[in-house]
Amino acid sequence: MTGAIVHLILLIPFLIFAYVLSKGKGAFLLAGYNTMSEDEKAQYDEVALCKFMSKIMYGISLSLFLWALSERLKNQILFIIGLILFISLLIFTLVYSNTGNRFKRDEP
C-alpha cells in the first residue's frame, strides 16, 4: 500500500510538468536545452520540442500509474506492462530526438 502512495505522489509532478510542456512552455526545464547558448536555442523549434516531450511525460506518468495500480491490486502483470512501456518510451525518445534534426528550425 505504501508503494502505491509513493508512486501516486511521484505521478503528480510528472503530470504537472507534462501539462506545462503541452502548452509549449517550460523548455527551460528540459535538460540539454536549458544549457544551450541563445544562438543554439534559436535554431530549435521550442514549441515542437515541448509538445513532443509532453507526450513522453504523459507516457511516463502512465507507467507510474500502472506501477501504483500494480502495487494496490497486487497484480504483477500491470507492473511488467508499465516497465515495458517505460523502457520503450526511453529508447524511442533517445532514438527519435537524436536522429534527423527533427526539432531544428528550417533555415530561411
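**Exercise 1.** Which residues does L49 touch, not counting residues up to four places away in sequence?

*Solution.* The model is a predicted one, and the contacts below are read from it. With residues up to four places away in sequence set aside, L49 touches L30, Y33 and F103. The next step is to place L49 in the largest nonpolar core, which has 15 residues and in which L21, L30, L49 and M53 are those with the most contacts. Helices α1 (2-22) and α3 each supply at least two residues of this core, and its largest share, 7 residues, comes from α3.

**Exercise 2.** Determine whether I56 is buried or exposed, and describe its surroundings.

*Solution.* Begin with the position: I56 lies in helix α3, which covers residues 46-73. Because its relative accessibility is 6%, I56 counts as buried, the cut-off for that class being under 20%. Turning to its partners, and leaving aside neighbours within four places in sequence, I56 is in contact with L89, F92 and T93. The C-alpha atoms of I56 and F86, although 30 residues apart along the chain, are separated by 9.5 Å.

**Exercise 3.** Describe the largest pocket by its volume and its lining.

*Solution.* The largest pocket has a volume of about 530 Å³. Its lining is made up of 22 residues, of which A31, L49, M53, S97 and N98 lie nearest its centre. By element, α3 and α4 (76-97) are those that give two or more residues to this lining, and the largest share, 5 residues, comes from α3. By character, the lining residues divide into 15 nonpolar, 6 polar and 1 charged. L49 and M53 thus appear both among the core residues with the most contacts and among the residues nearest the centre of the pocket.

Key:
Residues numbered from 1 in each chain as written. Predicted model: local features only at pLDDT ≥ 70, side-chain atom pairs only at ≥ 80, totals over all residues. Heavy atoms only, no water. Helix = DSSP H or I, 4+ residues; strand = E, 2+ residues; numbered from the N terminus. Buried < 20%, exposed > 50% of the residue type's maximum accessible area, 1.4 Å probe, protein only. Contact = heavy atoms within 4.5 Å. Core = buried A, V, L, I, M, F, W, Y, C linked by side-chain atoms within 4.5 Å. 1 Å grid on protein atoms, 1.4 Å probe; cavity = no way out; pocket = protein on both sides within 12 Å on 5 of 7 lines; lining within 4 Å. Points joined across faces, edges and corners; volume = space filled by probe spheres on them. Nonpolar A, V, L, I, M, F, W, Y, C, P; charged D, E, K, R; others polar.
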